[in-house]
Amino acid sequence: MNKRGNREKSERIPWDDYWMKIVNDVALRSTCLRRQIGAIIVKDNVLISTGYNGAPRGFPHCLDVGCRRDKLNIPSGERHEECVGVHAEQNALLQAGKAANGGTLYVNAFPCKICAKLIINAGVKRVVISGEYSDREGLEYLKRAGIEIVHL
């Protein structure tokens with residue numbers, strides 16, 4: 001801080017940290033009982049879209065009716081088709097549409113293999129991740145596609 005109580009320029013938060021803080025706030029909207037995941041898409045340092053994991057529009061939320069995967073004892077990262085929820089990355093990509101092409105996706109977990117395929121086909125060029133996920137195969141898909149991966 002300088003004499004006036006203002007921050008010095010060198011203390012300015014880096015872009016990746018700034019966007020990841022927003023991801024963590026977006027995740028607070030999640031209705032999943034297992035994990036609160038948030039994702040955003042940014043292009044040219046402009047926020048394009050947000051997404052969090054939860055039930056499709058019009059469906060009851062797991063917060064209200066319980067988790068189907070828990071009832072079936074399905075471990076994390078397996079049998080995604082048994083979950084009614086839409087992943088945060090999927091919701092962010094749906095909102096962004098073609099604007100995701102050439103952008104950066106920020107997410108607070110590893111993308112699963114399903115989300116990785118969608119990220120690749122959307123033309124996202126960079127994925128910034130904080131946190132982890134038991135399904136690491138999605139990371140391999142992103143690497144094979146030549147997408148830059150940054151883990152904060």
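In helix H4 (88–96), the buried residues are Ala88, Glu89, Gln90, Ala92, Leu93 and Ala96, where buried denotes under 20% relative accessible area with a 1.4 Å probe and protein chains only. Helices (H or I, at least four residues) and strands (E, at least two) are DSSP runs numbered from the N terminus. The model is predicted, with local features requiring pLDDT of at least 70 and side-chain atom pairs counted only at pLDDT 80 or more, while totals for chains, interfaces and linings use all residues. Residues are numbered from 1 along each chain as its sequence is written, and side-chain values use heavy atoms, without hydrogens and water.

The buried residues of H4 pack against S1, strand S2 (46–52), S3 and H5, a contact being heavy atoms within 4.5 Å. After H4 comes Gly97, with a positive phi near 60 degrees. On the other side, His87 occupies the loop between helix H3 (68–71) and H4. His87 touches Tyr52, Asn53, His80, Cys112 and Cys115, residues up to four places away in sequence not being counted.

The largest nonpolar core, a set of buried Ala, Val, Leu, Ile, Met, Phe, Trp, Tyr and Cys residues joined through side-chain atoms within 4.5 Å, has 23 residues, of which Ile41, Leu93, Leu105, Val107, Ile119, Val124 and Val127 touch the most other members. At least two residues each come from strand S1 (38–43), H4, strand S3 (104–107), helix H5 (113–122), strand S4 (126–129) and helix H6 (137–144). H4 supplies the largest share, 4 residues. A second, separate core of 9 residues includes Val26, Ile40, Val42 and Val128.

Notes: Buried means under 20% relative accessible area, exposed over 50%, partly exposed in between (1.4 Å probe, protein chains only).
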